[in-house]
Amino acid sequence: MESGPPHLSPVPGTEAIPHHHPHPGVPGMPMPPQMMPMTTPVGLQAIYQACRRLYADQPNPLQVTAVVKYWLGGPDPLDYISMYSNPGDPNRGIPAHWHYVSFGLSDLYGDGRVHEYTGPEGPSGFGFELTIRLKKETGETAPPTWPAALMQTLARYVFQSGEESNHNVLCAGDHVSWHNALDSSESRIQHMLMAEDPLLQSIMSPMGTINFIQIIGVTAEELQAAQRWNGPGILELLRNVPVAGGPWLLTDMRRGETIFEKDPQLQEVVERGIETEGSNLSGVSAKCSWEEMEDSREEREESEETVRQRITPHESEQIKAELRRGLMGQHGSGAAGFGTGAGADWTDHVNHNTDRERKDSLSSSGSTEEVKPGELQRSQTMDAVHVKINKEAGTLLPLVMRGRLKHGRHFTFKDVSGNSAITFVSPRVMGAIADESHPYASRGPWLQVLIPEDFLEAVIKDLEELSSTEELVVPKQYRWREKGLTISILPDDW
């Protein structure tokens with residue numbers, strides 16, 4: 001069984017009860033933790049103070065609390081979720097809504113019961129708390145509690161990654177594939193993007209910095225656009241469409257139209273963004289395989305014996321670790337997960353927004369997971385290869401070439417059965433086993449295909465027809481004989 005990040009799935013509810021929780025007073029200047037009264041959680045104070053600046057008229061908001069606290073063995077990492085009533089701003093078209101704020105991803109206590117206390121200079125706990133702004137229903141007088149269950153599930157995901165690895169810290173621009181209505185209804189709002197809360201600014205607590213990351217519910221089409229382009233770009237589009245979020249990025253579970261249905265020209269904005277900035281989608285699961293072309297294989301087999309085998313779970317983790325080293329963001333989010341494009345996610349349901357200005361690599365000293373030399377089978381090079389990909393995944397090839405390789409990045413198709421992995425790389429990707437002298441190289445079942453820049457434009461032109469999925473008839477084969485590369489697009493059930 002393949003190991004890796006946990007599979008995220010919606011839960012029907014978290015065992016929690018709404019109640020009023022008294023807020024402790026907040027001194028003008030935070031005292032060191034050791035000077036605070038034992039009964040006063042200083043991390044809670046810092047967050048309460050930030051909320052009071054926005055909601056001075058709600059000193060004791062309705063809260064949801066975990067029945068058994070995480071630090072007492074309970075399953076829910078968030079001790080509390082406060083629920084505030086926000087009137088919105090009618091002059092700016094911002095409707096009334098419920099504002100949810102979590103307590104527990106940051107260090108609330110400073111005594112080591114949940115997070116290790118490392119001082120006030122760095123992040124407090126994981127360095128962030130979650131928020132949601134949910135549009136009020138007509139006549140609604142009490143906030144729904146399903147957002148609290150959603151926040152607890154995301155918090156469990158973060159905690160399961162571990163504080164030291166920091167892999168699953170959520171940051172503005174990240175997206176989460178959920179594949180179910182966030183409130184378990186028939187709503188089209190079935191996925192999430194992450195943004196900075198527009199009104200709750202970063203704060204300094206006695207235990208460190210706390211950012212407030214807001215969850216925004218989006219449709220499948222909007223998630224796909226964020227995966228194909230990037231999260232921040234789609235967030236900006238949502239801000240400019242009042243019914244889809246507006247300036248404060250509200251979630252409206254009754255929203256029936258996507259931003260692209262509301263304004264078809266926005267799809268052109270996404271395509272231009274991919275062309276000029278590239279794509280953040282780094283890989284998908286697929287039905288795929290590869291083989292060395294006959295002439296190339298016969299020549300090489302004169303000197304060595306080839307052994308092909310299924311990718312073991314250990315090798316799969318090593319491949320992901322090497323890929324992960326090229327996807328490390330500068331914002332501290334750790335390894336970037338693979339977004340859903342044509343099939344289930346490979347590594348993650350959370351896709352982290354990567355630094356678009358950073359040069360991509362398949363090997364970096366910044367990795368938190370090291371692959372020791374020789375752990376994978378030794379590399380071998382080939383003169384010609386034949387790549388086979390199913391139709392659904394194959395339709396991403398134009399995006400792979402235009403949005404990834406053209407911008408100096410890489411992209412991986414990982415076979416759902418675990419038999420192979422195929423990574424297309426740019427010559428600008430550092431640490432690849434393929435290079436311009438040997439563009440086709442493998443380690444066991446993992447193939448790397450390097451597309452030189454003088455060859456890339458021809459590949460983009462030839463594969464562009466794959467974007468028109470309705471007109472695409474398969475099987476279809478593309479062959480660049482002088483380059484030794486053949487790509488076959490096969491039916492999804494092959």
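Tutor: A salt bridge is a side-chain nitrogen of Lys or Arg within 4 Å of a carboxyl oxygen of Asp or Glu. The model here is predicted.

Student: Why are Glu275 and Arg402 called a salt bridge?

Tutor: Their side chains meet at 2.9 Å, N to O. The cut-off is 4 Å, so the pair qualifies. Glu275 belongs to helix H6 (residues 265–277) and Arg402 to helix H10, so the pair ties together parts that are 127 residues apart in sequence.

Student: What makes Arg402 buried and Glu275 partly exposed?

Tutor: Buried means under 20% relative accessible area, and partly exposed lies between that and 50%. Arg402 has 12% relative accessibility, so Arg402 counts as buried. Glu275 has 32%, so Glu275 falls in the partly exposed range.

Student: Why does the pair Lys406 and Glu457 count as a salt bridge?

Tutor: The N to O distance is 3.8 Å, and the rule accepts anything within 4 Å, so this pair counts. Lys406 sits in the loop between H10 and S15, and Glu457 in helix H11, so parts 51 residues apart in sequence are tied together. With relative accessible areas of 31% for Lys406 and 47% for Glu457, both residues are partly exposed.

Student: Which residues are linked with these in a network of salt bridges?

Tutor: The network consists of Arg228, Glu271, Glu275, Arg402, Lys406, Glu457 and Glu464. For the model, the count by this rule comes to 19 salt bridges.

Student: What makes Arg255 and Glu222 a salt bridge, and are they buried or exposed?

Tutor: The closest N and O atoms are 2.7 Å apart, so the 4 Å condition is met. Arg255 lies in the loop between H4 and H5 and Glu222 in helix H3 (residues 220–228), so the link spans 33 residues in sequence. Arg255 has 6% relative accessibility and Glu222 has 0%. Both values are under 20%, so both residues are buried.

Student: Why is Met401 called buried, and what does Met401 touch?

Tutor: Met401, in helix H10, has a relative accessible area of 0%, and the buried class takes values under 20%. Leaving out residues up to four places away in sequence, Met401 touches Lys406, Phe424, Leu456, Val459, Ile460 and Leu463. Each of these is a contact because heavy atoms come within 4.5 Å. Met401 and Glu464 are 63 residues apart in sequence and 9.5 Å apart in space, C-alpha to C-alpha.

Student: Where does helix H10 lie relative to the strands?

Tutor: H10 (residues 397–404) lies across strand S15 (410–415) and S16, and runs at about 155° to S15.

Student: What makes S10 and S13 edge strands?

Tutor: Six strands form an open sheet in the order S10-S15-S16-S18-S17-S13, with mixed pairing. Strand S10 (283–286) and strand S13 (379–382) each have a single partner strand, so one side of each has no neighbour in the sheet. The twist averages 20° from one strand to the next.

Student: How do you know that S16 and S18 are paired?

Tutor: Pairing requires at least two bridges. Strand S16 (residues 421–425) and strand S18 (residues 446–450) have five, in the parallel sense, so the condition is met. One of the bridge partnerships joins Ile422 to Leu447.

Student: Why do S6 and S7 count as paired?

Tutor: Two bridges join strand S6 (residues 175–176) to S7, running antiparallel, and two is enough under a rule of at least two. Val176 has Met192 as its bridge partner in S7. S7 also pairs with strand S9 (residues 208–218), antiparallel, over six bridges.

Student: What makes S7 mostly covered?

Tutor: Five of the six residues in S7 (residues 191–196) are buried.

Student: Why is Leu72 called exposed?

Tutor: Exposed means over 50%, and Leu72 has 59% relative accessibility, so Leu72 qualifies. Leu72 is found in the loop between strand S2 (62–66) and strand S3 (80–86). Together with Val67 and Val68, Leu72 makes a nonpolar surface patch of about 270 Å².

Note on methods
Residues numbered from 1 in each chain as written. Predicted model: local features only at pLDDT ≥ 70, side-chain atom pairs only at ≥ 80, totals over all residues. Heavy atoms only, no water. Buried < 20%, exposed > 50% of the residue type's maximum accessible area, 1.4 Å probe, protein only. Helix = DSSP H or I, 4+ residues; strand = E, 2+ residues; numbered from the N terminus. Axes fitted to C-alpha atoms, helices over the stretch in contact; angles between N-to-C directions. Patch = residues over 30% accessible without salt bridge, like charges linked within 9 Å, V, L, I, M, F, W, Y side chains within 5 Å. Areas by Shrake-Rupley, 256 points an atom, 1.4 Å probe, with all protein chains shown as cover.
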